[in-house]
Amino acid sequence: TDDVYEIPSNTDNLKLCLISDTHLCSRYDRLDILNYIYEEAEKRGIKHVLHSGDFTDGRSTRPEHIYELKETSYDGQVDYCVEKYPRSSSIKTYAIQGNHDDWWYKSNGSEIVKSIAKQRDDIIYLGSGYADLKIGKLRIRLFHGKGGSAYARSYKIQKYLDGIPQEEMPQILQTGHIHQAFYMKQDDTHCFQTSCLEDETPYCRSQGLANDKSIWWLDMDIDSKGNIVNMRQELQGFGKKLVRCKK
């Protein structure tokens, strides 16, 4: 409705999991962490996982990128994600495209996350770059972002918030892209920079870019008007060791 994806809800307590930059089909993706996340989300009673872009590693024009990929073709990446992305009968994943996903759009005009979601009832594609959704009366914006890191982690989020019309201002802003995690609150907006779920690649190492593997668990109380009256956030980080899970 009015470009906002609406999820009916009348709960006064909402639990979410925020992830980003899974870069699936990279030789450095971490399916073990993803499987753990969904198992843990089921244990915590979470119904909604929000993904703020770079679902796949895509395929860039950088010549050496092909050697960092498990699947080099569009169809191969779609099939890989459809088959291997964790499945849950109780959890829906709401995802946007990031710049890596958009490389496929630039090369062949197809939105790869949309193609994946068409074959998975538990994955909902919300659009490219950003999307607005409401869970009950709670307003959330997913935003991927572009460019490198700023001199201060909060700078780009603060500038982005300044450009949002007041009537569209979300209560939760989730961003991705820079592979680093932090939290800040500006006015009534809780801002979560979400990092990646990919080990450091040769390209990142050559550029001095760190991959801060982590996710956010949110547990919040909401009043009848959709205002967050109590926010409990937990940042869970992951190292290089494989994460054991049942799947």
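Arg232 is partly exposed, with a relative accessible area of 31%. In this predicted model, that residue is a handy way into the salt bridges. Arg232 pairs up with Asp219, and the closest N and O atoms of the two sit 3.0 Å apart. Asp219 belongs to strand β11 (residues 214-222) and Arg232 to strand β12 (residues 228-237), so the salt bridge ties together parts that are 13 residues apart in sequence. Asp219 is partly exposed too, at 22% relative accessibility.

That pair is one of 14 salt bridges in the structure. Another one joins Arg30 to Asp199, again with 3.0 Å between the closest N and O atoms. Here the stretch of chain in between is 169 residues: Arg30 lies in the loop between β2 (13-19) and α1 (31-44), Asp199 lies in the loop between β10 and α6, and so the pair ties those parts together. Both Arg30 and Asp199 are buried.

Then there is the salt bridge between the side chains of Glu168 and Arg141, at 3.2 Å from N to O. This pair also links distant parts of the chain, 27 residues apart, with Glu168 in the loop between α5 (155-162) and β8 (172-175) and Arg141 in strand β7 (residues 138-143). The two partners sit in rather unlike surroundings: Glu168 is partly exposed, with a relative accessible area of 39%, whereas Arg141 counts as buried at 6% relative accessibility. Back with Arg30 and Asp199, there are further partners to name. Salt bridges that share partners join Arg30, Asp32, Asp199 and Lys213 into one network.

Next come the pockets. The largest pocket has a volume of about 520 Å³. Its lining is made up of 26 residues, and those nearest the centre are His177, His179, Tyr203, Cys204 and Leu209. Sorted by class, the lining of this pocket has 14 polar residues, along with six nonpolar and six charged ones. Helices α3 and α6 (202-207) each supply at least two residues of that lining. Of the elements involved, α3 gives the most, with three residues.

That makes α3 worth a look of its own. The helix covers residues 99-108, and its buried residues are His100, Asp101, Asp102 and Trp104. What do the buried residues of α3 pack against? Two helices and two strands turn up as neighbours: α2 (74-84) and α4 (112-118), plus β4 (92-97) and β5 (123-128). After α3 comes Gly109, which has a positive phi, near 75°.

The second largest pocket has a volume of about 270 Å³. It is lined by 14 residues, and Met169, Pro170, Asp187, Asp188 and Thr189 are the closest to its centre. Strands feature in this lining, as β9 (182-186) and β10 (189-193) each supply at least two residues. By class, the lining of the second largest pocket splits into six polar, four nonpolar and four charged residues.

How values were computed: Residues are numbered from 1 along each chain as its sequence is written. This is a predicted model: local features need pLDDT of at least 70, side-chain atom pairs count only at pLDDT 80 or more; totals for chains, interfaces and linings use all residues. Side-chain values use heavy atoms; hydrogens and water are left out. Buried means under 20% relative accessible area, exposed over 50%, partly exposed in between (1.4 Å probe, protein chains only). Helices (H or I, at least four residues) and strands (E, at least two) are DSSP runs, numbered from the N terminus. Contact means heavy atoms within 4.5 Å. On a 1 Å grid over the protein atoms alone, a cavity is a set of points where a 1.4 Å probe fits but cannot get out, and a pocket is an open set with protein on both sides within 12 Å along at least five of seven lines; lining residues have an atom within 4 Å of a point. Grid points are joined across faces, edges and corners, and a volume is the space filled by probe spheres set on the points. Ala, Val, Leu, Ile, Met, Phe, Trp, Tyr, Cys and Pro count as nonpolar, Asp, Glu, Lys and Arg as charged, and the others, Gly among them, as polar. A salt bridge is a side-chain nitrogen of Lys or Arg within 4 Å of a carboxyl oxygen of Asp or Glu.
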